[in-house]
Amino acid sequence: MAIPIILIAVGVVSLLVGTAITLKWEEIVVSLQGKRLAILGARGVGKTRLVNFLATGSIPSEYKQTVAPEKTSSRRFQLNELDMKLKESLDVSGDKAAYAEWRELHDQADIVFYLLRADRLILGDSDVEERVKCDLKHIGDWLDSRDPRPRFFIIGTHCDLDTEFGNTLADKPGDYVDKFRKLPVVAELVGHAGGAQQAKVILGSMKTVQQTEALVYQVFQQVIS
């Protein structure tokens, strides 16, 4: 069964064709059928890494900052039992100067992912806190202007750099997420996005292909919940 999925991710304009083998993947693919997705976030949070994974099934060996929009051609990859094809992507900057482009992508999307450095927020990095507050103030206003609102997800990346993540995730992943959500800055972000019912929080890592795959699968599961 081939099902088309239209995707927009930080400028990613793409067409995914999936063949679902397991029931869970079938639910995910059906849920995403015809949906448009925007992935937003500052520089260095993992947007391009996620885009590359969706485009190729792999992650780049080194970080390269996105300054000017970059296009990638059609690619196909396997994610667990799901065969996916990305038609085309356009990766744009995470700088504040790109807010207008972010708004355009947001306004076309059915689902919005906002990526942030969870490890830096946990450490109380004031620069990161101020940046995500600024981002979410804008995004919150954009969300409020939409009717119906797109589904919104806050995705914390780089959790592998927090030692507590590796120690607690296997046994009590919910506890780790709950603790993160209780951070004042995260509570404020969720509030800007419309509250806990409107904004889902997901945490993970994209250090390895396996961790990236696990994060993507977790996100997709939340999309259909």
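**A parallel sheet and a nonpolar cavity**

In this predicted model, four strands are arranged as an open sheet in the order S3-S8-S9-S10, with parallel pairing. The edges are occupied by S3 and strand S10 (199-203), each of which has a single partner strand, so that one side of each is left without a neighbour in the sheet. On average, and with direction ignored, neighbouring strands of this sheet are turned by 25° against each other.

The pairing of S3 with S8, which run parallel, comprises five bridges, and Gly-41 is found opposite Leu-115 in S8. Across S3 and S8 lies helix H3 (residues 99-108), whose direction makes an angle of about 150° with that of S3.

Two cavities of 30 Å³ or more were counted in the model, and the largest cavity holds about 80 Å³ of space. At least two residues of its lining are supplied by each of strand S3 (37-41), helix H2 (47-56), strand S8 (111-117) and helix H9 (209-224), with H9 providing the largest share, four residues. The lining of the largest cavity consists of Leu-37, Ile-39, Leu-50, Leu-54, Phe-113, Leu-115, Ile-155, Leu-215, Val-216, Val-219 and Phe-220; Leu-115, the residue that Gly-41 stands opposite in S8, is thus also one of the residues that line the largest cavity. When classified by residue type, this lining contains 11 nonpolar residues, with no polar and no charged residues.

Terms used. Residues are numbered from 1 along each chain as its sequence is written. This is a predicted model: local features need pLDDT of at least 70, side-chain atom pairs count only at pLDDT 80 or more; totals for chains, interfaces and linings use all residues. Side-chain values use heavy atoms; hydrogens and water are left out. On a 1 Å grid over the protein atoms alone, a cavity is a set of points where a 1.4 Å probe fits but cannot get out, and a pocket is an open set with protein on both sides within 12 Å along at least five of seven lines; lining residues have an atom within 4 Å of a point. Grid points are joined across faces, edges and corners, and a volume is the space filled by probe spheres set on the points. Ala, Val, Leu, Ile, Met, Phe, Trp, Tyr, Cys and Pro count as nonpolar, Asp, Glu, Lys and Arg as charged, and the others, Gly among them, as polar. Two strands pair if DSSP finds at least two bridges between them. Axes are lines fitted to C-alpha atoms, for helices over the stretch in contact, and angles run from 0 to 180 degrees between N-to-C directions. Contact means heavy atoms within 4.5 Å.
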